[in-house]
Amino acid sequence: MFLDSSAFVVRKTRWGRGVFARRELPAGFVIGDYLGIVDVPRDEGVDALYAMMLSLYRWVYPVEPKRSEGVHVVNHSCEPNAGIFPHRGHVLLSTTRRVFAGEEITFDYWMTQPEAGEDWHRCLCGSSFCRGSFSMGSARQEELVRRLFISNAWAGAKRKVRVGEKLAPLPRYPRSTRDLAAYNVFGHPELAPEEVYDEKLDHARLRALIRETGRRVWLPRSGSLVYGSHDGRLIIDA
Ligand SMILES: [Zn+2]
């Protein structure tokens, strides 16, 4: 489900479908909620490709995922502009930086390593920071799952959802979501960077600036370009 369907359009892409912003959106804008039928994790079947993890033992499967429109259509990128946000037993998708009109919405799928013989996690996102696969190292993936889905996922939820239950929209959604350390935040790869003359900005303030402006940061005094904040480190071309 999209919270405001007038803000998004689903279009065909080279790989299938994708979700595009129809207008500029600030960082922390709640794009939508993963709704559907709650079930145990399954690795097989088309519907599993569109499923979202709610916890270690519960996933939500969107109804008629190939025909319906919503956040389940959002594609993966290794240089994303959105991220998942556990909230009261649901998983929301929200922007992790300012998004510009016409941009495709993407988030990092954070998948587990494929089993031997599986290669369907190959990534074609085209980013210069592409790691070549939707999956990430097991240790990093486990850490993210532990941090987001075990400690936070059920916070504020009325109760745990049961298998076969239909996850209905929440009565209220947050106006915006905060930055989470788990996100990798990158400025838009093609737009002119934000110029900053204050060279004393630390990591947290540079990250906040990228998030707020949606752009990379150019530090003319030192001649450095800050691409983003990745796994707790700044990515800088000096
Ligand atoms: Zn990639």
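## A four-stranded sheet

In this predicted model, I37 sits across from Y61 of β6. That pair belongs to the contact between β4 (residues 36-39) and β6 (residues 59-61), two antiparallel strands held together by three bridges. Another pair here is D39, whose bridge partner in β6 is W59.

β4 also has β11 to deal with: two bridges link these strands, again antiparallel. Here G36 is the residue facing L167 of β11. Put the pieces together and you get an open sheet of four strands, ordered β5-β6-β4-β11, with antiparallel pairing. The edges are β5 (52-53) and β11 (166-167), and each has a single partner strand, so one side of each goes without a neighbour in the sheet.

## The β1-β2 hairpin

Back towards the start of the chain, β1 (residues 8-13) runs antiparallel to β2, with six bridges between them. The link from β1 to β2 is a hairpin of two residues. If you want a pair to look for on screen, try K12, which has R17 as its bridge partner in β2.

## What fills the main core

The largest nonpolar core counts 31 residues, and the ones touching the most other members are I31, M52, V60, V74, L93 and I105. Elements giving two or more residues to this core are β2 (16-21), β3 (30-33), β6, β8 (82-87) and β9 (90-95). There is also a second, separate core of nine residues, with V217, L219, V226 and Y227 among them. As background, nonpolar side chains tend to be buried together in soluble globular proteins.

V74 is a handy place to start looking around the main core. Setting aside residues within four places in sequence, V74 is in contact with V19, A82, L93, I105, T106 and F107.

## Two buried residues to click on

L92 is part of strand β9. Is L92 buried or exposed? L92 counts as buried, because 21 C-beta neighbours fall inside 10 Å and the cut-off for buried is 20 or more. Once residues up to four places away in sequence are left out, L92 touches V30, D33, F85, H87 and T177. L92 and F2 are 90 residues apart along the chain, yet their C-alpha atoms are separated by 9.8 Å.

Y34 is in a loop, the one between β3 and β4. Y34 still counts as buried, with 23 C-beta neighbours inside 10 Å. Which residues does Y34 contact, leaving aside neighbours within four places in sequence? They are M52, V60, P62, V71, H72, H90 and V91. Of these, M52 and V60 are also on the list of core residues that touch the most other members. The C-alpha atoms of Y34 and L54 are separated by 9.2 Å, with their positions 20 residues apart along the chain.

## Helix α3 and its neighbours

Further along the chain is helix α3 (residues 203-213), with L206, R207, I210 and R211 as its buried residues. These four span an arc of only 135° around the axis, which means that they lie on the same side of α3. What do the buried residues of α3 pack against? Their neighbours are β12 (185-186), β14 (217-219), β15 (224-230) and β16 (233-237). Right after α3 comes G214, with a positive phi near 75°.

## Two domains

The domain assignment splits the chain into domain 1 (5-167) and domain 2 (185-237). Their C-alpha centres are 26 Å apart. Where the domains meet, seven residues of domain 1 are in contact with nine of domain 2. The side of domain 1 that touches domain 2 is a mix by class: three nonpolar, one polar and three charged residues.

## Two unusual phi angles

Two loop residues have a positive phi without being glycine. E64 has a phi of about 45° and belongs to the loop between β6 and β7 (75-76). E64 counts as exposed, because 9 other C-beta atoms lie within 10 Å and the cut-off for exposed is 12 or fewer.

The other is W110, with a positive phi of about 50°. Look for W110 in the loop between β10 (106-107) and α2 (138-150). W110 is partly exposed, with 18 other C-beta atoms within 10 Å.

How values were computed: Residues are numbered from 1 along each chain as its sequence is written. This is a predicted model: local features need pLDDT of at least 70, side-chain atom pairs count only at pLDDT 80 or more; totals for chains, interfaces and linings use all residues. Two strands pair if DSSP finds at least two bridges between them. The arc is that of the directions from the helix axis to the C-beta atoms. Two residues are in contact if their C-beta atoms, placed from the backbone, lie within 7 Å. A nonpolar core is a set of buried Ala, Val, Leu, Ile, Met, Phe, Trp, Tyr and Cys residues joined through C-beta atoms within 7 Å. Domain bounds come from an automatic or database domain assignment. Ala, Val, Leu, Ile, Met, Phe, Trp, Tyr, Cys and Pro count as nonpolar, Asp, Glu, Lys and Arg as charged, and the others, Gly among them, as polar.
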